[in-house]
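Open the model in your viewer and keep the sequence panel beside it. The tour goes from one helix outward to the whole chain, with something to select at each stop.

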Amino acid sequence: MTTAQGIALQTKGLTKDFRGFRAVHGVDLTVAAGGVHALVGPNGAGKTTLFNLLSGFLVPTAGTISVNGEDVTGLQPEQIAHKGVARSFQITSLFENLDPREHVELALQSRTTTGRKFWRSDRLMRQFRPRADELLEEVGLTHLATKPAGELAYGQKRALEMALVLALDPKIMLLDEPTAGMGIEDVTRTIDLVRKIAVGRTVVFVDHNMHVVGSLADRVTVLQQGRVLAEGSYEEVRTDPRVITAYLGESAHA
Ligand SMILES: Nc1ncnc2c1ncn2[C@@H]1O[C@H](COP(=O)(O)OP(=O)(O)OP(=O)(O)O)[C@@H](O)[C@H]1O
Ligand SMILES: [Mg+2]
């Protein structure tokens, strides 16, 4: 059992309605500090909505969210980020003409007090270069540090997004489908990368690829129609008849 002290993230009765439609319905979620926790479930189950609630991009209709025991319900995204929670960026947030190093430098700079400055001098940015290069190395992009982001392959863009999240040095990372649309090579690389960055951190991730879930997660929560359907180890949920039915139901409708 997880003690209150060892809980990184917790929701109680978390609920989100969209014009009468209940996308997230009374979710009680407990994520252990230092754990790698997967959120799975059929399309439309409410996984991304739950992430949007956890990161403050949506305000819950009901229920509470706490980070390291502190109530953060209703806080703005920046305030929640300040508590050490970061979610993966979307690909669309990359600047086509900036290279990976410049992206990471900007992300590092955004953490500092000068973060809101519009004008940025080369000298100012250069102080972030050593750390930027470390992060690029960590995600395997050293050889592409100066290539415009618009020319990167899909898997490389996703690796860059990961570096941008790492630049914030979050204690809790929320990754929404980190391997979506990837070929087997990039999937394998991403699994290794998530394993590496999970050391000393808490990771919550959504993925439809059960190989990824089985490789990474020490705890799995299954959502269906906004509710928690099952929770346990990967082996436990994989063999749970309710989970099997939920997924069969999905493929039957596909
Ligand atoms: N802003 C919104 N307004 C209205 N309905 C929404 C909104 N965002 C999500 N929904 C609905 O809420 C439900 C849950 O959506 P959500 O994106 O959280 O699912 P998901 O589990 O992430 O699915 P997927 O696996 O396809 O990414 C869906 O029925 C979706 O259409
Ligand atoms: Mg989603």
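How many residues does helix H6 have, and how far does it reach from its first C-alpha to its last? Select residues 154-167 to find out: H6 has 14 residues and reaches 20 Å, close to the 20 Å expected at 1.5 Å a residue. Keep in mind throughout that this is a predicted model.

**Around H6**

Colour H6 by burial next. The helix is mostly covered, with 10 of its 14 residues buried. These are Arg158, Ala159, Leu160, Glu161, Met162, Ala163, Leu164, Val165, Leu166 and Ala167.

What covers these buried residues? Show strand S6 (85-87) and strand S7 (172-176), then helix H3 (100-110), helix H5 (129-138) and helix H7 (184-197); the cover of H6 includes these elements. Before leaving the helix, click on Asp169, which follows H6 and has a positive phi, near 45°.

**Ligand 1**

Now centre the view on ligand 1. Select Phe18, Phe21, Ala23, Gly41, Asn43, Gly44, Ala45, Gly46, Lys47, Thr48 and Thr49, the residues that surround ligand 1. Strand S2 (21-32) and helix H1 (47-54) are the elements that give two or more residues to this shell. H1 gives the most, with three residues. Coloured by class, the shell around ligand 1 shows four nonpolar residues, six polar and one charged.

**The two domains**

Zoom out and colour the chain by domain. The domain assignment gives domain 1 (1-84 + 171-254) and domain 2 (89-169). Nine residues from domain 1 and nine residues from domain 2 make up the contact. On the domain 1 side, which element gives the most to the part that touches domain 2? Select H7 again: H7 gives the most there, with four residues. The domain 1 residues that touch domain 2 divide into six nonpolar, one polar and two charged. If you place a marker at the centre of each domain, taken over C-alpha atoms, 26 Å separate the two.

**The whole chain**

Finish with a cartoon of the full protein chain, where the secondary structure comes to 10 helices and 10 strands. The radius of gyration is 19 Å, close to the 18 Å that the globule rule gives for 254 residues, so the chain is as compact as a globular protein of that length. Along the principal axes, the C-alpha atoms fill a box of roughly 55 × 40 × 35 Å. Colour the chain by burial, and 38% of the 254 residues count as buried. For a last view, display the contacts with a separation of 6 or more: residues 24 or more positions apart account for 65% of them.

Notes: Residues are numbered from 1 along each chain as its sequence is written. Chains are lettered from A and ligands numbered from 1 in the order in which they are written. This is a predicted model: local features need pLDDT of at least 70, side-chain atom pairs count only at pLDDT 80 or more; totals for chains, interfaces and linings use all residues. The expected span of a helix is 1.5 Å times one less than its number of residues. A residue is buried if 20 or more other C-beta atoms lie within 10 Å of its own, exposed if 12 or fewer, and partly exposed in between; C-beta atoms are placed from the backbone. Two residues are in contact if their C-beta atoms, placed from the backbone, lie within 7 Å. A residue is near a molecule or strand if its C-beta atom, placed from the backbone, lies within 6 Å of it. Ala, Val, Leu, Ile, Met, Phe, Trp, Tyr, Cys and Pro count as nonpolar, Asp, Glu, Lys and Arg as charged, and the others, Gly among them, as polar. The radius of gyration is taken over C-alpha atoms; the globule rule is 2.2 Å times the number of residues to the power 0.38. Domain bounds come from an automatic or database domain assignment.
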